[in-house]
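Q: I would like a close look at one part of this model. Please take the protein–DNA surface first, then the contact between the protein chains.

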Number of protein chains: 2
Amino acid sequence: MSPEENPVPVTGPAKKKQLSREIILSAALALVDSDGLDALTMRRLGQELGRDPMGLYRYAENRAALLDGVSELVLNELAIFPDDPDWQAQLRRIAHDLREIALRHPNVVPLLVTRPLSTPLGLRPLGTLRPLEQILSLLIDAGFAPADALHVYRAYYGYLYGHILNELQEFIVDPEENEALLRLGLHRLPPKDFPRLRALAPVLADYDGEAELDQGISILLSGLAARLSPPAGSANAALTGKLI
Amino acid sequence: MSPEENPVPVTGPAKKKQLSREIILSAALALVDSDGLDALTMRRLGQELGRDPMGLYRYAENRAALLDGVSELVLNELAIFPDDPDWQAQLRRIAHDLREIALRHPNVVPLLVTRPLSTPLGLRPLGTLRPLEQILSLLIDAGFAPADALHVYRAYYGYLYGHILNELQEFIVDPEENEALLRLGLHRLPPKDFPRLRALAPVLADYDGEAELDQGISILLSGLAARLSPPAGSANAALTGKLI
DNA sequence: GCGTAGAGTCTACATCGTAGAGAAGTTGTT
DNA sequence: AACAACTTCTCTACGATGTAGACTCTACGC
């Protein structure tokens, strides 16, 4: 019972080391992953770090900035090699990687999709713009005119995000149930108004997102390559050649 | 100064008519359109209607249900004619219509995209599922096998949503500025790290979303038609024929 | 020692969603 | 007309949230 009883309370993991932006953002991401976006409150995050919530404001201007930081952190998991000469293969790989990142952090996807809507391009977190810059680089180096590279990027990334949203929507699964009708709650739909949807229950149930993404990307890439100035490289001669 | 001074305060438009779900949702949509999603609070909405905020709970279980109602209301602006024999034309028109709806209600787009992520298919507001059902119907009637219809729907709707998100992201415009670099805030990007993006400023500036959507849809539809069981109808023989 | 700067904390406030009790208004029965 | 059974609307109150502003603590150069 000395007055110096607990200068170091040994309470849990954190020993009151200096806080840092990385530590905070990792904790935030962990919180979002496990308990959802709404669980990411300043107070809760502070508690998770064993710190006063107000301390966080030294590392993130406000809650929105925290959310941006989490987006950035997740997007940093995406590796892009802008020097790969085979642009189609590279784009295909990126698509699959991003899909898997999304599946790993489903609760972050609304952020990825929504935050840019309220921030002009140039004010976005830089980490968020890196994929755009690097993919442009990839395409331009592959022979596309810059403006065409932008078109390709837009179609490609648009479809990619759309697919991810689609797949996550159907991923809401109650693992207890394995009857598709029940698992997706389709039995609540009036059969009169939704005959098609209800009839598709079994197909909906075994959705192979990876295959579907791959197929969509194939369609898009070959279509784009055929329609825009085809790059000069040789890695894609087979595909473009076939369509000209 | 009689005690019965103002039993009817004649304050503004509403004369205390009966409330209704439609009235509430319209007011909510108007509020979101003009002041953004965050402005849609129970208190603010109540004030807009000249009513006590608590009254709203008789027509919407909670705020989330209100948001769902707004999504539904907006999606109801979308007309679909599932009996059109020319499925490609129909899908193309729907895409353009939905794009315009999104441009009309940009603040609602996050809802359209995000809400389904937290609600299993069968529990979503029915109005939200109507497009899905009707497009399935359109495709099946056009000759697609049900499972293929679903694939087509997914690729199509995925791309469509992706495009809308893309376009809205770049639509953040400060109408005072018309230099693209400034308007999009691109001047804040370090030239070292983002040479490609900065060089594309003028191209970014005159983004023709409608044309780009149309082109993407063309690529997708013809690709899909070529890859899946082509429908029996004649309206699309030209396109599918060309690719086989 | 002692001052200075940065990091961390405390207190306080406006605002939010919403539970629960009650008031007011409407309708049907006698 | 009087009452009862409703639906609809309002009031009050509570806990939670983001964050401003003042305070305390710690480390370090002189």
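Which side chain has an N or O atom 3.0 Å from a phosphate oxygen of DNA strand C?

A: That side chain belongs to Tyr57(B). The model is predicted: local features need pLDDT of at least 70, side-chain atom pairs count only at pLDDT 80 or more, and totals for chains, interfaces and linings use all residues. Side-chain values use heavy atoms, without hydrogens or water, residues are numbered from 1 along each chain as its sequence is written, and chains are lettered from A and ligands numbered from 1 in the order in which they are written.

Backbone atoms also approach the phosphates of strand C. A polar backbone atom of Arg63(B) is 2.9 Å from a phosphate oxygen of DNA strand C. For Leu19(A), a backbone N or O atom lies 3.4 Å from a phosphate oxygen of this strand.

Now the wider surface. There are 17 residues around DNA strand C, where near means a heavy atom within 4 Å. Asp52(A), Met54(A), Arg58(A), Arg43(B) and Met54(B) come nearest. Of the strand C atoms within 4 Å of the protein, 44% are sugar and phosphate. By class, the surface near strand C has six nonpolar, four polar and seven charged residues. Here Ala, Val, Leu, Ile, Met, Phe, Trp, Tyr, Cys and Pro count as nonpolar, Asp, Glu, Lys and Arg as charged, and the others, Gly among them, as polar.

Next, the protein–protein contact. Chain A and chain B each give 63 residues to the contact (heavy atoms within 4.5 Å). They bury about 5500 Å² between them, 69% of it on carbon and sulfur atoms. Buried area is the accessible area (1.4 Å probe) lost by two parts on being put together, summed over both. Leu117(A), Arg154(A) and Arg196(A) supply 13% of the area that chain A buries against chain B, more than any other three residues.

Charge pairing is present too. Six salt bridges are counted between chain A and chain B (a side-chain nitrogen of Lys or Arg within 4 Å of a carboxyl oxygen of Asp or Glu). One of them joins Arg154(B) to Glu170(A), with the closest N and O atoms 2.8 Å apart. On the side of chain A that touches chain B, H7(A) gives the largest share, 15 residues. Helices are DSSP runs (H or I, at least four residues), numbered from the N terminus. That side holds 36 nonpolar, 16 polar and 11 charged residues.

Note on methods
Helices (H or I, at least four residues) and strands (E, at least two) are DSSP runs, numbered from the N terminus. A polar contact is a pair of N or O atoms within 3.5 Å; within protein, one must be able to donate a hydrogen and the other to accept it, and residues adjacent in sequence count only if both atoms are side-chain atoms.
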